[in-house]
Amino acid sequence: MDQPVPHTDIRVDGWIGRLPARLRPYALLARLDRPIGTWLLFLPGVWGIMLPAGVTPAQRIFLIVLFGIGSVVMRAAGCVVNDMWDRDIDRQVARTAGRPLASGALSMREAALFLAALLLIGFNILMNLNTLSQLLGTSSLILVGLYPLAKRVTWWPQLVMGFTFGFGAPLGYAAAADRVDAALCALYAATIVWQLGFDTIYGFQDMEDDARIGVRSTSRLMAGHARLFVGTCYALTLLGLMAAGGLAHAGYGFWLALPLPALLLGWQVTRLEENDPATCLRLFRFNRETGLAIALAILAGTLTR
């Protein structure tokens, strides 16, 4: 009888499989096989760049390109930090046992040197932003370093992830507007609860392994109440977006386009099955389309302001 294939989101086919064998573990460590994480880091930055008034189209485009490059680099750096902290845990979880540090394909020294190179690139990108953004961007490294500890000390690591991964929203807003205001805070809050929701969906993939080894998560905490919890997160996301749009004086296009991401968020909730890892992974990935729909709404609000 054929043995069931363990559930994993690691992709070693496609262009990753055509890389030289020596480079492949670095690409997997940086999660280049799964660009969804880069999208989910990048899109809140785009929201922040497009939301404030008084920014020229050329400046917005420049910042979006810069944030795109930075998202690839800093998402990779965050993954390296996470895997350095979690290598012993990852070995015990079917979905993550094949990661380069957990499997021994890369050493801690090799990972540390790779991380240093990524942070150097990220630092040079940050130096192209205004002073306020440089200060905010530097402070975000504290969150990047502490996030992997969260699952060891709290049942809410996905909330900490929201603060960390969602930091692109206030950073993008500050880079475009050169200020911190109420609209920035509302957008950041919306981003945090959006990411809390979709990362809880992601965590449902590891429920059995996490329970066996004692890893805490909102996915375990909310088991049996998945749709209610994620639906609440997504409702708060929409409220935060509405507050951000109102405070930023978004045009009527924002309000006309906002029902689309609302429908996409609601659709995720209706399809959520916490005991179906493959479905959870598909819904998690669908947040790229949801994030793009939110970006479209903000763009519509900017164009009709």
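1. A salt bridge is counted where a side-chain nitrogen of Lys or Arg lies within 4 Å of a carboxyl oxygen of Asp or Glu. By that rule D33 and R34 are joined through their side chains, at 3.1 Å from N to O. Both D33 and R34 are buried, a word kept for residues under 20% relative accessible area, while exposed is used over 50% and partly exposed in between, with a 1.4 Å probe and protein chains only.

2. A word on the basis of these points: the model is predicted, so that local features need pLDDT of at least 70 and side-chain atom pairs count only at pLDDT 80 or more, whereas totals for chains, interfaces and linings use all residues. Residues are numbered from 1 along each chain as its sequence is written, and side-chain values use heavy atoms, with hydrogens and water left out.

3. The whole structure holds nine salt bridges. One of them pairs R22 with E110, whose closest N and O atoms are 2.4 Å apart. This pair links distant parts of the chain, 88 residues apart, since R22 is in the loop between α1 (14–17) and α2 (24–29) and E110 is in helix α6 (residues 108–126). The helices named here are DSSP runs (H or I, at least four residues; strands are E, at least two), numbered from the N terminus. R22 counts as partly exposed because its relative accessibility is 46%.

4. Another salt bridge is formed by R31 and D83, with 2.8 Å between the closest N and O atoms. R31 lies in the loop between α2 and α3 (36–50) and D83 in helix α4, so this pair ties together parts that are 52 residues apart in sequence. R31 is buried, and D83 is buried as well. The two also belong to a network of salt bridges that links R31, D83, D90 and R99.

5. Helices α4 and α6 pack with their axes 9 Å apart and at an angle of about 155°, where axes are lines fitted to C-alpha atoms, for helices over the stretch in contact, and angles run from 0 to 180 degrees between N-to-C directions. The angle therefore makes α4 roughly antiparallel to α6, given that angles over 145 degrees count as roughly antiparallel, under 35 as roughly parallel, 65 to 115 as roughly perpendicular and the rest as oblique. The crossing of α4 past α6 is left-handed, which is to say that the near helix is turned anticlockwise from the far one by less than a right angle, a clockwise turn being right-handed.

6. A second helix pair to look at is α10 with α13, whose axes come within 8 Å and cross at roughly 160°. Because of that angle, α10 is roughly antiparallel to α13. Here too the handedness can be stated, α10 passing α13 in a left-handed crossing.

7. On the surface, L236, L239, M242 and W255 make a nonpolar patch of about 380 Å². Patches consist of residues with over 30% relative accessible area and no salt bridge, like charges being joined within 9 Å and nonpolar side chains (Val, Leu, Ile, Met, Phe, Trp, Tyr) within 5 Å; accessible areas come from the Shrake-Rupley method with a 1.4 Å probe, and for residues only the protein chains shown count as cover. Helix α13 (residues 226–247) gives the most to this patch, with three residues. M242 has its place in helix α13, and M242 is partly exposed because its relative accessible area is 38%.

8. Two loop residues deserve a check of their backbone. Most residues other than glycine have a negative phi. D178, however, has a positive phi near 60°; D178 is found in the loop between α9 (168–177) and α10 (182–203) and is partly exposed, with a relative accessible area of 48%. H249 likewise has a positive phi near 60°, and H249 sits in the loop between α13 and α14 (252–257), where H249 is exposed at a relative accessible area of 62%.

9. Finally, separation in sequence may be set beside separation in space. A174 in helix α9 and I49 are 125 residues apart in sequence and 8.0 Å apart in space, C-alpha to C-alpha, and A174 is buried, with a relative accessible area of 0%. A94 is found in the loop between α4 (57–90) and α5 (100–103) and is partly exposed at 41% relative accessible area; A94 and L63 are 31 residues apart in sequence and 39 Å apart in space, C-alpha to C-alpha.
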